[in-house]
Amino acid sequence: MLASSNMLSLRRRVRAPALLFSFGLATAAALPAQQATTPTPRIERPRLVVLCAVDQLATWVFEQAEPHFADDGGFRRLLRDGAYFPACAFRHACTETGPGHATIGTGAPARAHGIVRNAWWSEGDNRLVYCAEDTVAPLPEWPEGKLRGPGKLLVPTLASSLKAHVPGSKAVSVSWKDRSAILMGGIDADLCVWCEAKTGNFVTNTAWAEQAPAWLLAFDQQRPLDAMFGTVWDRVGKDAAYGGLVDDRAYEIPHANGSGQRTLPQPITGGDTGPGAKFYAQAYASPLGNTVVRLLAEAAVRGEGLGSDEVPDLLCVSFSATDAIGHAFGPESVEARDGLLRLDRDLATFCTFLDQQVGAGRWSLFLTADHGVGPTPEWARAQGVDAGRGLIQTMVRAAGEKALLDTFGPLPEGKRYLAHVGEYSCYFDDAVLRAVATANGRDEVAVRRQAAVLVANAAHKVRGMATAIPNDELAQPNVTGDLLRASLMDALCPGRAGDVQLVLKPHWIDGSNAATHGSPHAYDREVVGLAFGPGVPAGARFAAPITPGFGAVLFARLLGIPVPPAAVDEVPPGLLGTR
Ligand SMILES: [Zn+2]
């Protein structure tokens, strides 16, 4: 197996494209790290803590955009008055939305929280199961909000800790994506709210609410997204903010308004004559998708009275549109840069809203991301980096199945050795392998082990693959402390993660999105980390490595409640008066 020994070079190579731009946070870097010896006054407990996720915000994307954030923007305020964590990264390899949000909510890696992918193969169900599917009844007002819930999340969230230990507290989680809201909040949250993009309604269901909250019904009746129909998406920043970015690139996916164009400006209409599913779909891949979630978060703060008294509350909010924009146009596109600059303004508006509604100095916020993103392969290749795309996992499936057929012999019509290949894993059909063992008078475990090695070796030869590792091999002691192996282990959850783990080469992607994520490479695991609020030293930069689950630990400490039980982070010296 190639695997482990190559991690150092993987890390060097993933950094390469970022170096083409000026790299590093000029503003924050110039500020001295907080002295651990600074005497700290007793920290006032905030009335509201906010876990804020930006879907798909890699460190390299954030740091390239940083010089262009507005002086009165949200990111500049968080950098100036809060603390930046340049070494914020996921431990787990499965850098997708479901796993990432579960980490943000619970503080745990995927191995512990169990959300190993957005979807995984279930032998029992004989199908892919979705990370936020659940047998939950809808509310009569929102029939479309059915079959969504936190049932697959295996460990408690920060909301669970807050609700169990602070009587009268409230915890609310909102996002465009159902899995983001649901997996950050968890079952003990008072409310999780997400968008059902067919109707454009923001909904919840009976997992959290016995009846529809009046404020949420009113929010939907006001149709705030519909009111933005026809908005023209144009560049919001100065020309310099887009310097070096090319707007019209053949590998971008055209704006979904029928124009067929890949450039700004564009009207956000979905190509329709009025608000409807087509408009909502395009809005989701535009800054409107983030603005409406900001409005939803504000409505939740007002409607639930979050932060309105001395009893602390929790708001989880995730901005999804950055992800849809990044997938369609690539992280080095004009659209992605503009989407971030517009989110910067939405964040500023939201922070000002919290100052007014909750009170300046009475709320805290931790901003991070559910995963990063790799550069568009075509763009990376133009910079001289080995990069490409293909139906890589489809090829792995064919190569793996052939290797098994060649060794174990043909199967009855309709049967396959590999039940599923996807989500960067190969899943055996357990019954088929059992039958092979029985027919040959062999031990089932030995057959599985042999099959896994055969599949891994076959997969390894597929173009675009870096390595394929059987779970058995991952389970061996990681004596060299290899980061790639460790990240794959942190994504293993029995019965969910498959039997052979697949790692694509850096800058190689599977499928037709302009760009994507999901790998253990640094560009996918390393994400933004910003803390703000009482006890957080202004303008500080903490070099200590943290995970995106840090916010759940930070807020538990700040509120004096137990840290969520599966959380892995520590509060570094210099934060919250610790030495
Ligand atoms: Zn994504």
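The largest cavity in this predicted model has a volume of about 180 Å³. Counting cavities of 30 Å³ or more gives four.

## Cavities

The lining of the largest cavity is made up of 17 residues. V61, P331, A336, R337 and L340 are the ones that lie nearest its centre. Three helices each supply at least two lining residues: α3 (59-65), α12 (321-329) and α13 (334-359). Of these, α13 gives the largest share, with four residues. Sorted by class, the lining of the largest cavity holds nine nonpolar, six polar and two charged residues.

The second largest cavity contains about 130 Å³ of space. Its lining has 18 residues, and W508, I509, S519, Y523 and D524 lie nearest the centre. Strands β16 (500-504) and β17 (508-510) and helix α20 (522-525) each supply at least two residues of this lining. Here the largest share comes from β16, which gives three residues. The classes are nine nonpolar, seven polar and two charged residues.

## The largest pocket

The largest pocket has a volume of about 450 Å³. It is lined by 27 residues, and those closest to its centre are D323, H327, N513, T516 and H517. Helices α10 (277-284) and α12 each supply at least two lining residues. The largest share, five residues, is from α12. Helix α12 also supplies at least two residues to the lining of the largest cavity. The lining of the largest pocket has ten nonpolar, twelve polar and five charged residues.

The table sets out the volume and the lining of each space.

| Space | Volume | Lining residues | Largest share of lining |
|---|---|---|---|
| Largest cavity | about 180 Å³ | 17 residues | α13, four residues |
| Second largest cavity | about 130 Å³ | 18 residues | β16, three residues |
| Largest pocket | about 450 Å³ | 27 residues | α12, five residues |

## The nine-stranded sheet

Nine strands form an open sheet with mixed pairing, in the order β7-β6-β5-β10-β1-β11-β18-β2-β19. The edges are β7 (201-203) and β19 (540-541); each has a single partner strand, so one side of each is left without a neighbour in the sheet. Within the sheet, β11 (residues 363-369) and β18 (residues 529-532) run antiparallel and are joined by four bridges. One residue pair on these strands is L367 with its bridge partner L530 in β18.

Two helices that pack on this sheet can be described. Helix α7 (residues 158-165) touches β1 (48-54), β5 (171-175) and β10 (313-319), and its direction makes about 165° with that of β10. Helix α9 (residues 214-222) touches β6 (191-196) and the edge strand β7, and its direction makes about 165° with that of β7.

## The four-stranded sheet

Another open sheet has four strands in the order β13-β14-β16-β15, with antiparallel pairing. Its edge strands are β13 (418-422) and β15 (465-470), each of which pairs on one side only. On average, neighbouring strands of this sheet are turned by 15° against each other when direction is ignored. Five bridges link β15 and β16 in the antiparallel sense. Across this pair, T467 stands opposite V503 in β16. Strand β16 therefore has two parts to play in this account: it belongs to the four-stranded sheet, and it supplies residues to the lining of the second largest cavity.Helix α17 (residues 444-460) packs on the four-stranded sheet. This helix touches β13, β14 (425-428), β15 and β16, and its direction makes about 180° with that of β15.

## A contact between distant residues

R302 is part of helix α11 (residues 288-304). Apart from its neighbours within four places in sequence, R302 is in contact with F353 and Q357. R302 and Q357 are 55 residues apart along the chain, and their C-alpha atoms are separated by 7.9 Å.

## Confidence

The pLDDT of the protein chain averages 93, and 93% of the residues score at least 70. Over residues 1-40 the pLDDT is below 50. Beyond near neighbours in sequence, residues 1-40 have 83 contacts in the model.

Technical notes: Residues numbered from 1 in each chain as written. Predicted model: local features only at pLDDT ≥ 70, side-chain atom pairs only at ≥ 80, totals over all residues. Heavy atoms only, no water. 1 Å grid on protein atoms, 1.4 Å probe; cavity = no way out; pocket = protein on both sides within 12 Å on 5 of 7 lines; lining within 4 Å. Points joined across faces, edges and corners; volume = space filled by probe spheres on them. Nonpolar A, V, L, I, M, F, W, Y, C, P; charged D, E, K, R; others polar. Pairing = 2+ DSSP bridges. Contact = heavy atoms within 4.5 Å. Axes fitted to C-alpha atoms, helices over the stretch in contact; angles between N-to-C directions. pLDDT = per-residue confidence, 0-100.
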